[in-house]
Structure formats: structure tokens, C-alpha cells
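Biologist: Please take a close look at one helix and the strands it packs against, and then place that part in the rest of the chain.

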Amino acid sequence: MHPLLEIYFFICYYIYTEITDNGTMSKKSSKNTGKAGKSRKLFIKPADIFGAVLFAALIIFGAVYYYTHPNAALPKSNIGAKTSADFDSLLISFIDVGQGDSTLIIAPGGEAMLIDTGMRDKFSRVVKELRDNGVSELKYLVLTHPHDDHIGGASEILERFEVSEVIMLKTAVDSPAYSNLIRAMSESDAAAVYPLPGDKFALGEAEFTVLAPQSANYEDMNDSSMILRLVYKDTSAVFTGDAGEIPEGEVIDAFGASSLKSDVLKVGHHGSSSSTSVRFLQAVQPDFAVISCEKNNDYGHPHGITLRKLTDIGAETLRTDISGTVTLISDGKEFSYDGAIG
Ligand SMILES: [Zn+2]
């Protein structure tokens, strides 16, 4: 049992004993004669009934609260973990959430953001990654588009971490994951932010710009994905959600190919052949290309054509299905990766 719950039950029991025989009422009685003591055993006093009812009510209230607030007893921060102030470089962690996306970014000084959350059944991996890195609050939770493999764990994150802003699309969808997200947002202090292309957000010394969606209407929901470009000193990274070739082209047209050049590319749509056009790759020219997908997934991600394009552009391809969580560190001059190359 959680220590808080034990303390709660102990307080309930203490109140009960104070009101009934073991408390002040019985102390008064014990000063009476033996006759009075005898009668105490024979009759149930109103105080006993009141005490029993109050005790039962407190227990029921505690049980109901505990089960309707399953995370109430969970600590919000990870005591003993590295503190935020320990970070002197920018960290990007592409969390292994199986078939889905979830990327943690921590700026020097400790301000943190999360892009997508993976499916709900993988949220514990995201929680662990945040806590292992000493993150107890997120300045931004970015939800690129409302598909389950991107927002599935969002409600769980909102329940466990302080989130200042949820940066999301206005598009509502009819799914349990989306309903859970909206409920969790209404119960949290997080503000909903619906960005426009070109909007900039500060994360410590880093800054990211929202490049897409450029339009509100796409046939494929994946194409409405938010595309972000993060800059920290001389280093940069592009995050594409599940955006395909149409939005990739729109971003180049709107911002210019030269403004997209980045050290790191989170490869679109888990390495699907519908994303990562040659034109987009030539604009970004990434040193590191990261693909987030599950081993032996049903979609055949990543596609062989995409892998070939990444090799041809000279990118080091890193995959969560091969390497697990992929962490890249920027010292402001360049990104480095110290794990095994998949
Ligand atoms: Zn996806």
C-alpha cells in the first residue's frame, strides 16, 4: 500500500477511536461507577454509531478518491534523479515507444518539451525516460497530429507532469485517446496553443519554429502534422511527425530550402515511402536521420526506398527498432551520438 494511503487510514482510525469508546467519551465513562461501566458494554451509545458511520464514510471517501484519481499517490518528480540544472548541453531523446513517436528535448538549464507521446500502452517508457532525465515539468507538450501512435499517452503525461502549454492542432477526432487528452487537459493547468506557421517558441537558449501545417485541410490526417525546426546555437533539428511529401514541399515553398538545413532529421511517418522526398532531403541535408518504429511492424516501416535515400544523402541513419531509445547531444557546435549505429 502507498505510504500516503496508510497515513490516511491511520488518521481515519484515530478519529474513530477518539469519538468512540477509546476516546474522550469512554474516559468520562471510566470515571463512573462499576455499574456505569457494565452498562457501557450492554448499550450502543450514539457516539459509537456516529464514530462508526464517520469511520466508514472516511474509508469509502478515501477508496473512491484513490480509484478515481489513480495517479494521486504517484510522486510528480523523481527524487534522487539528476536535477534540471545539471544540463549544460541540449539533449534530444527519441524514445523507443514501439510503433509510434515520442521525442524528449531538454535545453541547457533544464527546460524540457515532449513531441508526441506514443501509444497509450507505451506511456510508461516515456514516463521513465522523463524521470531518468530528472524532468518533472514540461514547458511544452507538442502533439503533431491526433493519431493514437502520437497522442495515445498524452493524458497519462498530463496526469503525471506539470505541463505549461499543449501545442496542438485544432482538428478534433472521435477516438478514446483524443477524449482522454481533452479530459486530462481540462483537469490540468496546461493551456492549449494552436500555432500558425512561423510561430516561434523559446526553450531555454534554444528556440523552435512551427513550419507546418500550412493548411487546415488535407485528405490524409498525417499530412496535417506539425513540422518543427529547433535551433540551439549552431545546431538544428527538424521534426516532421507523419507529414508526407505534400507538406514537405509546402514548407520548402514557404520558408525556402536553405532555411531548412539541419543537423538532425526526425524522418517523417516512421520511414514510410510516402514521406522524405528527395527535394526535402536535399533541403535539410541531415547528418543524423532518426526513424522511430517498431521491430517487425505491420506497416513495413521503414521503407527500403527511404533508407536508400538517406544513405544517398550521406545521413547516419539511427532507428529505434534496432537501437532502442536514440539520444543525441548538442554542445551548440555539433550533435553527437555515442550509441551503436543500427
Ligand atoms: Zn505515426
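Modeller: A residue is called buried here if 20 or more other C-beta atoms lie within 10 Å of its own, and exposed if 12 or fewer do. By that count, buried residues make up 41% of the 342 residues in the protein chain. The model is a predicted one. Its pLDDT averages 86 over the protein chain, and 80% of the residues score at least 70. Residues 23-39 have a pLDDT below 50, and this stretch has twelve contacts in the model beyond near neighbours in sequence. Residues 68-85 also have a pLDDT below 50, with 28 contacts in the model beyond near neighbours in sequence.

The helix to look at is α9, residues 245-255, in which Pro247, Glu248, Val251 and Ile252 are buried. These four lie on the same side of α9, because they cover an arc of only 145° around the axis. What do the buried residues of α9 pack against? They pack against two strands, β8 (206-212) and β9 (227-232), and against one helix, α10 (278-284). Just after α9 comes Gly256, which takes a positive phi of about 90°.

Of the elements that α9 packs against, β9 deserves a description of its own. Five of the six residues of β9 are buried, so the strand counts as mostly covered by the cut-off of 20 or more C-beta atoms within 10 Å. β9 has antiparallel pairings with β8 and with β10. Five bridges join β8 to β9, and Phe208 has Leu230 in β9 as its bridge partner. Another five bridges join β9 to β10, residues 235-239; here Leu228 stands opposite Phe239. The link between β9 and β10 is a hairpin with two residues between the strands, and Lys233 in the turn has a positive phi of about 50°.

β9 also leads into the core of the protein. Ile227, which is one of the residues with the most contacts inside the largest nonpolar core, is listed there with Met113, Leu138, Leu141, Val142 and Val290. That core has 72 residues. Two of the other names on the list, Leu138 and Val290, can be followed further.

Leu138 is in contact with Ala112, Met113, Leu114, Phe161 and Val163, leaving aside its neighbours within four places in sequence. The strand β4 covers residues 137-142 and is joined by five bridges to β5, residues 162-167, with the two running parallel. Glu137 stands opposite Glu162 in this pairing. Both strands belong to an open sheet of eight strands with mixed pairing, in the order β6-β5-β4-β3-β2-β1-β14-β15. Its edge strands, each pairing on one side only, are β6 (191-193) and β15 (335-336).

Val290 leads to another pair of strands. β12, residues 288-291, and β13, residues 316-319, run parallel and are joined by four bridges. Phe288 stands opposite Glu316 in β13. Between the two strands the chain passes through helix α11, residues 304-313, in a right-handed β-α-β crossover. Gly314 is found in the loop between α11 and β13. With 11 other C-beta atoms within 10 Å, Gly314 is exposed. Its C-alpha atom is 8.1 Å from that of Gln285, although Gly314 and Gln285 are 29 residues apart in sequence.

Leu328 ties this region to the eight-stranded sheet. Leu328 is found in β14, residues 326-330, and β14 stands between β1 and β15 in the sheet order. Leu328 counts as buried because it has 23 C-beta neighbours inside 10 Å. Its C-alpha atom is 9.9 Å from that of Val290, a residue 38 places away along the chain. Beyond its neighbours within four places in sequence, Leu328 is in contact with Ile92, Val264, Phe288, Phe335 and Tyr337. Phe288 is thus a contact of Leu328 and also the residue opposite Glu316 in β13.

As for the whole chain, it has twelve helices and 15 strands. Of the contacts between residues at least 6 apart in sequence, 68% join residues at least 24 apart.

Conventions: Residues are numbered from 1 along each chain as its sequence is written. This is a predicted model: local features need pLDDT of at least 70, side-chain atom pairs count only at pLDDT 80 or more; totals for chains, interfaces and linings use all residues. The arc is that of the directions from the helix axis to the C-beta atoms. Two residues are in contact if their C-beta atoms, placed from the backbone, lie within 7 Å. Two strands pair if DSSP finds at least two bridges between them. A nonpolar core is a set of buried Ala, Val, Leu, Ile, Met, Phe, Trp, Tyr and Cys residues joined through C-beta atoms within 7 Å. A crossover is right-handed if, with the strands pointing away from the viewer, the path from the first strand over the helix to the second runs clockwise. pLDDT is the predictor's confidence in each residue, from 0 to 100.
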